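Colleague: Before we discuss the local geometry and the ligand site, could you put the model in front of us?

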Amino acid sequence: MSLTRRQKWRFEKIQAERIARSNKAADNSQDLDSNASAQTGLVITRYGQHLLVESNLGNLVQCTARRNIDLSVAGDQVIFQTTDNNKGIVTALLDRDNSLKRSNKLIAANIDELCLVVAIEPHYQFDLIDRYLIVAENQNLPIRLIVNKIELSNNIKQVKSDFAMYEAIGYPVSYLSVRTQIGIAVLQAQLNNKTQLFLGQSGVGKSSLINQLIPELNLRVNEISTKSKLGKHTTTNTTLYHIPSGGDLIDSPGVREFHLDNLSDKEILSGFKEFKAFVNQCKFRNCAHINEPNCAVKNALEAGNIHPKRYASYLTLIT
Ligand SMILES: Nc1nc2c(ncn2[C@@H]2O[C@H](COP(=O)(O)OP(=O)(O)OP(=O)(O)O)[C@@H](O)[C@H]2O)c(=O)[nH]1
Ligand SMILES: [Mg+2]
Ligand SMILES: [Zn+2]
């Protein structure tokens, strides 16, 4: 954590404690523990109306939130007070550095990097990968690609050439096998001391990978269907876990196909970051880069400066 971020955090904490005190004064209806003062905490997970909050001392407290407070999610910093029955009430939500939303639903907050996990089974799809990249670009979050189950591939050269196009435009890619322990140690070193949010289709191995990275966890994992090769939506709650040596990993449930984001044309275009250098050079200002004359994006495609698979996926998403 940089010094400025820590200073900002300190400032926000003082401010939020002030809010919490005034809230307490204004509300005598809840039986707050009279000896308990407001403390800061980290949201570990939310389930329905409940939040699991970790205090600065490392205690886990089951909380509900005051009604006037915005929804908080895993990774949020909050102010809470304990009640007589050892539960807690969240009285303030601290400002976020950032957050990830999908289909207008808040998933997690205060994230350093997204880890998009894909696999050989269920087999990765370019348009799905590009959708995640669009979401990350539009919310200004760095994203890394993790290709898991590579021991199942009988054409690793093809896999590497498929992902080389992402590396070429600046996305880090890791090739892994949780089953045969390929690439885990290298990835582990890259993740230390940061907060990573794991995303990706059900069954690709997000929870299996987090179990490898934090061995004492033992998260529930589930076989994928032998017939459809699809995952069974095993993880149901977005939850934050601490890495003992520093940093946090947030596991999330695989998104169902019909929950994919509705992306606007503008979001789609700004999600293809390698198009940026060309979009202002088209003949028409409102060029959609589909079949307009003198389109700089199409010229770049023909000149080999934009990958045909990326352009194809742009067309699929935009129409
Ligand atoms: N062959 C192979 N299977 C793996 C590997 N990693 C994980 N699996 C298996 O993939 C299946 C799904 O793994 P999970 O970790 O439950 O997948 P998930 O991404 O967390 O899925 P959801 O929680 O449903 O989103 C399990 O049977 C794992 O044992 C791997 O490297 N190779
Ligand atoms: Mg899971
Ligand atoms: Zn154009």
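Colleague: Which helix gives the largest share of the shell around ligand 1?

Modeller: Bear in mind that this is a predicted model. The shell around ligand 1 holds 23 residues, and those that come nearest are E151, S202, S208, T234 and T235. The largest share of that shell, three residues, is contributed by helix α5, residues 206-213.

Colleague: Which side chain has an N or O atom 2.6 Å from an oxygen atom of ligand 1?

Modeller: Backbone atoms have to be set aside here, since a backbone N or O atom of G203 lies 2.9 Å from an oxygen atom of ligand 1, and a polar backbone atom of V204 is 3.4 Å from an oxygen atom of the ligand. Taken alone, ligand 1 exposes 660 Å², of which the protein buries 94%. The side chain with an N or O atom 2.6 Å from a ligand oxygen is that of S202.

Colleague: What end-to-end distance do the C-alpha atoms of helix α3 show, and what span should its 13 residues have?

Modeller: Helix α3 covers residues 156-168, and at 1.5 Å a residue its 13 residues should span 18 Å. The helix also bends by about 25° at D162. The distance between its end C-alpha atoms agrees with the expected span, because it too is 18 Å.

Colleague: Which residues of α3 are buried?

Modeller: An α-helix has 3.6 residues a turn, so residues three or four places apart point the same way. The buried residues of α3 pack against β8 (113-119), α2 (126-138), β9 (143-148), β10 (173-175) and α9 (308-318). D162, where the helix bends, is among the buried residues, and the full set is V159, D162, F163, M165 and Y166.

Colleague: H289 and N294 both have positive phi; is N294 buried or exposed?

Modeller: Most residues other than glycine have a negative phi, and most peptide bonds are trans. Phi is near 60° for H289 and near 50° for N294, and the loop between α7 and α8 holds H289 as well as N294. H289 is buried because its relative accessible area, 2%, is under 20%, whereas N294, at 51%, is over the 50% cut-off and therefore exposed.

Colleague: What is omega for the cis peptide bond between E121 and P122?

Modeller: P122 belongs to the loop between β8 and α2. The bond joining E121 and P122 is cis, with omega about -10°.

How values were computed: Residues numbered from 1 in each chain as written. Chains lettered and ligands numbered in written order. Predicted model: local features only at pLDDT ≥ 70, side-chain atom pairs only at ≥ 80, totals over all residues. Heavy atoms only, no water. Helix = DSSP H or I, 4+ residues; strand = E, 2+ residues; numbered from the N terminus. Expected span 1.5 Å × (residues − 1). Bend = angle between axes of the 7 residues up to and from the residue. Buried < 20%, exposed > 50% of the residue type's maximum accessible area, 1.4 Å probe, protein only. Contact = heavy atoms within 4.5 Å. Near = heavy atom within 4 Å. Polar contact = N/O pair within 3.5 Å; in protein donor to acceptor, adjacent residues only side chain to side chain. Areas by Shrake-Rupley, 256 points an atom, 1.4 Å probe, with all protein chains shown as cover.
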